[in-house]
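Here is a friendly walk through one protein model, written for someone who thinks at the bench. Please keep the sequence and the 3D view open as you read.

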Amino acid sequence: MSSNDIVVLGRLAEAYGIQGWIRLHPYGDDPLGWRRIPVWYLGREGGPWREAELNGLKAHGDGLVVSFVGISDRTAAEGLKGQLIGVPREALPETGDDEFYWADLLGLAVVNEEGALLGKVAGLIETGANDVLQVVNEAGEERLLPFVDAVVLDVDRPGGVIRVAWGCDW
């Protein structure tokens, strides 16, 4: 499975307990719904990806913990720390109006109201208040734009463009 076929859903953090559970840092809004996806993929940025059969996923405290078939002790779980989790796009539910998977935004051109190209979406950052677009121009300069209605006016995925209310000199 190539990296282009996988939608990254989160990152594995530290091991939890002694029975192979590991903390999950999700990149999405409904991670408990991912229980319906029996096979996940584990890997690093850019791959390679390997299948991992889900054994359990549950809320714990203010976060989530997950276990996989074949990962039955703390040592094995510690070996997964830092890996990304993802699934094939076809395993994900359809998004609603004005909902997007982060992977769908990566690489889109960001253009302001005057038609000036600010750069392309290189990444997203999750903050407590809202997500933030990391926009990088051809010179490698980065802008951070809040992904909120007041800034993001339109997302045209088929056209490959995000239209924003943001000045060139901001």
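How much accessible surface does the protein chain have, and what share of it belongs to carbon and sulfur atoms? The accessible surface comes to about 9,700 Å², and 47% of it belongs to carbon and sulfur atoms. Accessible areas come from the Shrake-Rupley method with a 1.4 Å probe, and for residues only the protein chains shown count as cover.

## Before we start

This is a predicted model, in which local features need pLDDT of at least 70 and side-chain atom pairs count only at pLDDT 80 or more, while totals for chains, interfaces and linings use all residues. Residues are numbered from 1 along each chain as its sequence is written, and side-chain values use heavy atoms, with hydrogens and water left out.

## The overall fold

The protein chain holds 2 helices and 12 strands. Helices (H or I, at least four residues) and strands (E, at least two) are DSSP runs, numbered from the N terminus. Following the sequence, you will meet them in the order β-β-β-β-β-α-β-α-β-β-β-β-β-β. The C-alpha trace spans about 55 × 30 × 30 Å along its principal axes.

Of the 170 residues in the protein chain, 41% are buried. Here buried means under 20% relative accessible area, exposed means over 50%, and partly exposed covers what lies in between (1.4 Å probe, protein chains only). Take the contacts between residues at least 6 apart in sequence: 51% of them join residues at least 24 apart. A contact means heavy atoms within 4.5 Å.

## Two backbone details and a buried proline

Which peptide bond is cis, with omega near 0°? It is the bond from glycine 47 to proline 48. Proline 48 lies in the loop between strand 3 (39-43) and strand 4 (49-60). Another spot to look at is aspartate 98, which has a positive phi of about 60° although it is not a glycine. You will find aspartate 98 in the loop between strand 6 (84-88) and helix 2 (102-105), where its relative accessible area of 72% makes it exposed.

Proline 88 sits in strand 6. With 9% relative accessibility, proline 88 counts as buried. Its C-alpha is 9.9 Å from that of isoleucine 37, and the two residues are 51 apart in sequence.

## Charges and a negative patch

The protein chain carries 14 positive and 27 negative charges, and their mean positions are 9 Å apart. Lys and Arg count as positive and Asp and Glu as negative, with His and the chain ends not counted. Each charge is placed at NZ of Lys, CZ of Arg, CG of Asp or CD of Glu.

Asp29, Asp30, Asp97, Asp98, Glu99, Glu126, Asp149, Asp154 and Asp156 gather in a patch of negative charge on the surface. Such a patch is made of residues with over 30% relative accessible area and no salt bridge, like charges being joined within 9 Å. Within this group, aspartate 149 lies in the loop between strand 10 (142-146) and strand 11 and is exposed, at 72% relative accessibility. Aspartate 156 belongs to strand 11 (residues 152-156) and is partly exposed, at 32%. To place aspartate 149 in space, note that its C-alpha is 16 Å from that of tryptophan 102, which is 47 residues away along the chain.

## Salt bridges

How many salt bridges are there? The count comes to 4, where a salt bridge is a side-chain nitrogen of Lys or Arg within 4 Å of a carboxyl oxygen of Asp or Glu. One of them pairs arginine 23 with glutamate 14, whose closest N and O atoms are 3.1 Å apart. Arginine 23 is partly exposed at 27% relative accessible area, and glutamate 14 is partly exposed at 37%.

Now turn to Arg89, Asp104 and Arg157, which are linked in a network of salt bridges. Aspartate 104 meets arginine 89 at 2.5 Å, N to O. Aspartate 104 lies in helix 2 and arginine 89 in the loop between strand 6 and helix 2, so this pair ties together parts that are 15 residues apart in sequence. Aspartate 104 also meets arginine 157, at 3.7 Å, N to O. That second pair links distant parts of the chain, with arginine 157 in the loop between strand 11 and strand 12 (161-164), 53 residues from aspartate 104.

Is aspartate 104 buried or exposed? Aspartate 104 is buried, with a relative accessible area of 12%. Its partners are partly exposed: arginine 89 at 35% and arginine 157 at 38%.

Terms used. Patch = residues over 30% accessible without salt bridge, like charges linked within 9 Å, V, L, I, M, F, W, Y side chains within 5 Å.
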